[in-house]
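Student: I'm new to this one. Could you pick a single part and walk me through it closely?

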Amino acid sequence: MSNSLKYAVFGAGSWATAIVKMLCENLDEVGWYMRSVYTKEHLLKEQHNPSYLSSVEFNLKQLKLSNDINAIADYADVLIFVIPSAFIHSELEKLTVDISNKTIVSAVKGIMPETGLLVGEHFHDIYKVPFENIAVIAGPCHAEEVALERLSYLTISCVDAVKAQDIADKLSSDYIKTKISDDVIGVEYAVMLKNIYAIAAGIAHGLGYGDNFQSVLMSNSIREMKRFIKKMHKMKRNINDSAYLGDLLVTGYSVFSRNRMFGNMIGKGYTVKSAQMEMSMVAEGYYATKSAHLLNKKNKKKTQLPIIHAVYEILYENKNPKKVFNRLTDQLD
């Protein structure tokens, strides 16, 4: 990949803002699509996102801002999508530009709820993007710590190692260390699943379970994740790598984790709707829970997923969290 390739980010949430910040460390210009006219106008006036990571100030000379998704898609060679999975389908429907020859990077922490496809699969099936042109960004990395320039780690997965390394180089800095992987599908599923387990950790905390149980919950979560991913895409991988276990741990334990926060509220007695209304950010794990449940249901030979099943019962079947977790504790070891 050439150093002259243009990069663009699609989305204006905290993770999108963090990725733009990372790219600005290495590029003279970064395209940035955001749906909100207000957000764009505020950025142009005040040099920061009004709603997310507002402490991060941008050099406006480095940003090519637009509310037109096609203008930014046409401008860039490498398109990084950071739109929540619940909304990406409707945003992509606005696309009229041919993106089949561009490199597509998913930083979406979920799958397409309308189709049950991974984001990369959706781009391949609908927009005819070759699989070798599809990459995924995984952590462990919280947007809030990127804003503070605390040391963080990213994994870039792509079957084309040259593309993966180029993307990794553009995101690297003194405070961002990167590595590459070829497990695109496994990493994309891991990014989705970790949010479900973070909701479970939050529910447990809200119900009053302590650190001892949380450690058991997390160790069972990584094994459950391994079973799920192996069923969906069998290949040699080390589930203890940072893209899987590391990202799971930071999402399950961190005070910055919106999914843990969402789960904590559910454990404390909030309804799903009231918890969603109170949070200013999207908890991707809510949508991921239904997707994972349905994907497993479609399999002829179902995988044992007691933690995902427990979270699904609470979020979608309105089962009592205390009763569900009482039963779950007997299924863990």
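**A close look at helix α8**

Tutor: Sure, and keep in mind that this is a predicted model. Let's start with the backdrop: eight strands make an open sheet with mixed pairing, in the order β3-β2-β1-β4-β5-β6-β7-β8. At its edges sit β3 (63-66) and β8 (176-181), each pairing on one side only. Going from one strand to the next, the twist averages 20 degrees.

Now zoom in on β5 (residues 103-106) and β6 (residues 134-138), which run parallel and are joined by three bridges. One pairing to look for is Ser106, whose bridge partner in β6 is Val136. Helix α8 packs on this sheet, where it touches β5, β6, β7 (152-157) and β8. The direction of α8 makes about 40 degrees with that of β6.

The sheet isn't the end of the story for α8 (residues 184-207), as this helix also packs with helix α13 (residues 284-298). Their axes are 8 Å apart, and the angle is about 110 degrees. That falls within 65 to 115, so α8 and α13 are roughly perpendicular to each other. As α8 passes α13, the crossing is left-handed.

Who does the touching? On the α8 side, the contact is made by Tyr189, Met192, Leu193, Asn195, Ile196 and Ile199. From α13 come Glu284, Gly285, Tyr286, Ala288, Thr289, Ala292 and Leu295. Sort the residues of this contact by type and you get nine nonpolar, three polar and one charged.

Note on methods
Residues are numbered from 1 along each chain as its sequence is written. This is a predicted model: local features need pLDDT of at least 70, side-chain atom pairs count only at pLDDT 80 or more; totals for chains, interfaces and linings use all residues. Side-chain values use heavy atoms; hydrogens and water are left out. Axes are lines fitted to C-alpha atoms, for helices over the stretch in contact, and angles run from 0 to 180 degrees between N-to-C directions. Helices (H or I, at least four residues) and strands (E, at least two) are DSSP runs, numbered from the N terminus. Angles under 35 degrees count as roughly parallel, over 145 as roughly antiparallel, 65 to 115 as roughly perpendicular and the rest as oblique. A crossing is left-handed if the near helix is turned anticlockwise from the far one by less than a right angle, and right-handed if clockwise. Contact means heavy atoms within 4.5 Å. Ala, Val, Leu, Ile, Met, Phe, Trp, Tyr, Cys and Pro count as nonpolar, Asp, Glu, Lys and Arg as charged, and the others, Gly among them, as polar. Two strands pair if DSSP finds at least two bridges between them.
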